[in-house]
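Me: I'd like a close look at just one part of this structure. Please start wherever there's a good way in, and follow it from there.

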Amino acid sequence: MSAFTLYPAIDMRNGKCVRLVQGDYNKETIYGDSPYDMAALFASEGAEWIHLVDLDGAKEGKRVNDRHVIEIAQKLDLKVEIGGGIRSESDVYEYLSAGVDRVILGSSAVSNPPFVKKMLKQYGEKIAIGLDARDGFVSTEGWLETSTLKATELGKELANEGAEVFIFTDIATDGMLSGPNIESTVELAKETGKSVIASGGVSSVADLEALARYQADGVAGAIIGKALYTNQFTLSEALERVKRK
């Protein structure tokens, strides 16, 4: 079993690093002018992976901040995963062939299942499935829509199609620093039998340690956003403590 992995997050909008509260585009804070500089900082603190989100892309349904993604993937010594605005086979191919390590498919898992299944067959674990849930039901289109599909049901279906990695976000906790939804994260890992990366709500190193306790159940890592930007702790401190566990 590989180590519990921390994924510092960079959300990009208009070419800047921002954070939204619960996905609300009207509640934005800008934390930096350069996604590349932010990624370089995380790399210098010991990050092995970086989690990138193209917020403009998620809203518009096409790649918008892709040049920043590719610059980070090609110039920095870390692994990159990207989500947001990836809707076609050429989107997936262009990212992966440009050096991105993992592409996250979210809304299309609900809106275009044949496409997602095809990508899973073709690219295997280079595809992560982003499951964003509100009260256990999958949310899509930048969280503007809630479906009638349970996250665990969709997870099981896609695991059968070859999905190896899920990124699970509980929207209620995202950007709120209120602690992650550990119960739902563990449930998804157990139901699918696959790796689940927790996203949303991490506010302290203790939250990360709590998630890491479920590594044997399939909780493989955590995405950290706002907590790093508001200096709740540093990435190097978190890496050190989680490694000690």
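Reply: Let's come in through the rings: Lys 59 lies over the face of Tyr 25, 4.3 Å from the ring centre. To count as sitting over a ring, NZ of Lys or CZ of Arg has to be within 6 Å of the ring centre and within 35 degrees of the ring normal. Before we go on, this is a predicted model, in which local features need pLDDT of at least 70 and side-chain atom pairs count only at pLDDT 80 or more, while totals for chains, interfaces and linings use all residues. Residues are numbered from 1 along each chain as its sequence is written, and side-chain values use heavy atoms, with hydrogens and water left out.

Tyr 95 has a charge over its ring too: the charged end of Arg 63 sits there, 5.6 Å from the centre. That ring takes us to helix H4, residues 89-97, where Tyr 95 is buried along with Asp 91, Val 92 and Leu 96. (Buried is under 20% relative accessible area, exposed over 50%, partly exposed in between, using a 1.4 Å probe on protein chains only; helices are DSSP runs of H or I with at least four residues, strands E runs of at least two, numbered from the N terminus.)

Look down the axis of H4 and those buried residues fall within an arc of 120 degrees, so they line one face of the helix. The arc uses directions from the axis to the C-beta atoms. What does that buried set pack against? The partners are helices H3 (66-75) and H6 (113-123), plus strands S5 (79-83), S6 (102-105) and S7 (127-134), with contact meaning heavy atoms within 4.5 Å. After H4 comes Gly 99, whose phi is positive, near 105 degrees.

Now follow S7. Six of its eight residues are buried, so S7 is largely enclosed by the rest of the structure. S7 pairs with S6 in the parallel sense over three bridges (pairing takes at least two DSSP bridges), and Leu 105 stands opposite Ile 129 in S7. S7 also pairs with strand S10 (residues 165-170), again parallel, over six bridges; there, Leu 131 has Phe 168 in S10 as its bridge partner.

Strand S8 (residues 137-140) runs antiparallel to S7, and two bridges join them. Here Ala 133 is matched with Val 138 in S8. The hairpin of S7 and S8 has two residues between the strands, and in it Asp 135 takes a positive phi near 55 degrees.
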